[in-house]
Amino acid sequence: MGLFAQLCINTLQIGAVYVLFSLGLTLVFGVMKIINFAHGQFFTLAALLIAAAMPAFTVQFGLPVWLDYLVSFVLAMIAVGLLAAVLYFIGFERYLRDLIGSFILSLGLLLLLEGVYLWLFTGSPRVVAKILPGQVSFAGGAMETQRLVICGLSLAFTVALYQFVQHSRLGKALRAVAEDREAAMLQGIRYRRTSFYGFMIGSGLAAVSGGLMAPLTPITPALGSDYLTKAFIIIIIGGLGSIPGAILGGFLIAAIESVAGYFFDLSYATIAMFALVIVFLLVRPEGMLGYAQR
Amino acid sequence: MRTLLTWAAVAALALGVSTAASTARADDDVIRFGITAPMSGAAASWGIGADWVGQQAVKWINEHGGITAGGKTYKVALTTYENGYNSADGGKAAQAMLNRDHVRFIIQGIGTAPVKALQSLSERVGALMMQDAWGKSVKGPQAPLTFTCANTPFELFGPLFDLVKRQHPDAKTVALLNPNDATGQEVEVEAVKQYKARGYTIVLSAWYERGTTEFQPIATKLAQTHADVMDLSGAPPADAGSVYKELAVQGWKGVKISSSGTGSDALVKVGGASVEDVYMGNAADFGGPTATPLQRQLNADGLKALGEPVNILDMAAWDSAMAIKAGIEKANSIDPKAVAKALPTLIFESSYGPAAFGGEATYGNPQQMLVPIIVTQIKNGQTVEIERIIPDELKQRLAKTQ
């Protein structure tokens, strides 16, 4: 029972972040029909800024750690938002629905931003101070209290986004554009404006997941790369552009990593993920819940 | 107008080429040193520190008259190349270092995979390389220009495991974790052999991919073995810190070893209280009483410049630079092959004091720098030296010169 609980807890805590990160990527693909390889850089920047700002605030203002984290988190979100807006207007706006153009652009941005982060923050791992001490146990499994809180926040963000996309005016516009751009435009939806909002929400989700992960993991300029690879696997399995697919795919990949990683080897778990991607691309390219055309 | 602009551009280009050529001529009096190391990721602290210490060594050499050979005095310059701790980036670093910049003396190579990528080229072009890859196969008669500038598992593991056995006689089982790359694969073989030789049972030898960010599944796998000893052999400090933290959360208690642990700083920063009492096979307290005055000075300056104490791999960059300086002066030549022949015959002044090259019995060629083996443990978040062993071979070499 203890082992089973621990594997479930591992799946939950890994999956919560994977889902949040992948949602942004799938949203951007759904609305803009672009593959954004620079998506992980928003995640990385948020985490790096929080790690850099927190010690400075602690020394300068003597804030308690949780407030310090909160202030740094908000500032990081603003900074990432500004970066995303600049990148959209100088780059991505010109390559809407252009897979090859956006692929080249985002790959260039990935390399550029990683180099800039390395120059600004150095490659040495940074660590954010523990926000909540202690750990919680459940049925023989255990996790840090702050991880539990951050998992809860990730799930809350996921539910909020889902509700937003399902019920809000902008959410419906995003879905309409993702399903059929021409039909959406005929209904009076302004495609470019909706694309911009979609890109900003997607980038914001990457930043939120980076900000939430900051207290849990050593932070380096290469941090986003591991998550980006997993996110691509998730959205291919879940279905490109599908929000429920990203949620399902995120937890499926986390379960493979957790369970296969335990019973076999973590390397086998990685191989299993890529094998699954190949199977999906061959047998069901639209993914579990996607609507992409073969 | 367009023709005028074209000719202006040609003239500017010609001027640039002639300036570059004159710079190249000026470089005839400069011996270029190189370092290939990870400057980002979990092992970045090794590369950043090695670069800083290497620059201090170069500064010291230049301020103390440079290097004299063949009746000529040379200044020294150092460039560090990012190898990403993998063979692909290591190969790129090798091309840039050896073919583009024509570096012929490499004072530090970190990481078995990138060092092997570099070695395939350095031996061919005749560049001398000092490195601290942990694989046995990088040295030997087949690679006469490759030397190791820090202790490796073949020197470290025996004394480290002996000490652990003395201090924890009840411990019988060991679980190992290594990165699934050239470093990890070579380290694991030696670790298993050395543990078994001391009567331990290996209950698990697990692998992980470098760049992993979520360590809970690995920690669960390790914790479920209930091993008495947990050795995160080849895992760099940031990864080891993450695993120990998760092991503590999942309730595992036992003897913690980080055979490749090079210092408490990154381990403590990431692992917090969970890394207390970790034994390290590759660390030293260069600010402590057993360090030499030079090491204490470098450590104090390094703390100010890097925010971290200097570790063994960083210090090896100093020792390599001094060994190469001594080698060039003894060979009276800047030909790397002549220097490589001179190195095993000399005793040079390292940061630890007099040092030499040996290890022929283990590697088939005297290509291992002989420096003290230091076993440390993390106590109250600090690296504390608990045993220092001077290699017998070094003792014999020093005795012969007295």
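Here are some worked exercises on a predicted model with chains A and B.

**Exercise 1. Get a feel for chain A: which elements does it hold, and how compact is it?**

Start with the parts list: chain A has 11 helices and two strands. Put in sequence order, they read α-α-α-α-β-β-α-α-α-α-α-α-α. Next comes size. The globule rule gives 19 Å for 294 residues, and the radius of gyration of chain A is 19 Å, so this chain is as compact as a globular protein of that length. Along the principal axes, its C-alpha atoms fill a box of roughly 55 × 50 × 35 Å. Now look inside: 49% of the 294 residues in chain A are buried. Finally, take the contacts in chain A between residues at least 6 apart in sequence; 75% of them join residues at least 24 apart.

**Exercise 2. Work out what chain B brings to its contact with chain A.**

Begin with the head count: 30 residues come from chain B and 31 residues from chain A. On the chain B side, the elements giving two or more residues are α2 (44-63), β8 (201-208), α7 (216-223), α8 (237-249) and α9 (264-271). The top giver there is α7(B), with five residues. Sort that side by class and you get 13 nonpolar, 13 polar and four charged residues.

**Exercise 3. Chain B is divided into two domains; find how they meet.**

First, the bounds: domain 1 covers 31-151 + 290-371, and domain 2 covers 154-280. Over C-alpha atoms, the centres of these domains of chain B are 28 Å apart. Where they touch, 20 residues of domain 1 of chain B are in contact with 18 residues of domain 2 of chain B. On the domain 1 side, α2, α4 (112-125) and α11 of chain B each supply at least two residues. The biggest share of that side comes from α4(B), with three residues. By class, the domain 1 side has nine nonpolar, eight polar and three charged residues.

**Exercise 4. Check whether the span of helix α11 of chain B agrees with its length, then look around it.**

Helix α11 (residues 312-331) of chain B has 20 residues, and at 1.5 Å a residue they should span 28 Å. The end C-alpha atoms are 28 Å apart, so the two agree. Is α11(B) mostly covered or mostly open? Covered: 17 of its 20 residues are buried. Right after the helix comes B:Asn332, with a positive phi near 55 degrees.

**Exercise 5. Decide why B:Phe33 counts as buried, and say what surrounds it.**

Locate the residue first: B:Phe33 sits in strand β1 (residues 30-37) of chain B. The cut-off for buried is 20 or more other C-beta atoms within 10 Å. B:Phe33 has 27 C-beta neighbours inside 10 Å, so it counts as buried. Beyond its neighbours within four places in sequence, B:Phe33 has contacts including B:Gly54, B:Val58, B:Phe105 and B:Ala321. B:Lys325 lies 292 residues from B:Phe33 in sequence, yet 11 Å from it in space, C-alpha to C-alpha.

**Exercise 6. Find which residues touch the most other members of the largest nonpolar core, and place that core.**

This core has 207 residues, and those touching the most other members are A:Ala46, A:Ala47, A:Ile50 and B:Val243. Helix α1 (residues 2-32) of chain A gives the most to the core, with 16 residues. Domain 1 and domain 2 of chain B both give residues too, so the core lies between them. To finish, zoom in on A:Ala46: aside from neighbours within four places in sequence, its contacts include A:Met77, A:Val80 and A:Ala207.

Technical notes
Residues are numbered from 1 along each chain as its sequence is written. Chains are lettered from A and ligands numbered from 1 in the order in which they are written. This is a predicted model: local features need pLDDT of at least 70, side-chain atom pairs count only at pLDDT 80 or more; totals for chains, interfaces and linings use all residues. Helices (H or I, at least four residues) and strands (E, at least two) are DSSP runs, numbered from the N terminus. The expected span of a helix is 1.5 Å times one less than its number of residues. A residue is buried if 20 or more other C-beta atoms lie within 10 Å of its own, exposed if 12 or fewer, and partly exposed in between; C-beta atoms are placed from the backbone. Two residues are in contact if their C-beta atoms, placed from the backbone, lie within 7 Å. Ala, Val, Leu, Ile, Met, Phe, Trp, Tyr, Cys and Pro count as nonpolar, Asp, Glu, Lys and Arg as charged, and the others, Gly among them, as polar. A nonpolar core is a set of buried Ala, Val, Leu, Ile, Met, Phe, Trp, Tyr and Cys residues joined through C-beta atoms within 7 Å. Domain bounds come from an automatic or database domain assignment. The radius of gyration is taken over C-alpha atoms; the globule rule is 2.2 Å times the number of residues to the power 0.38.
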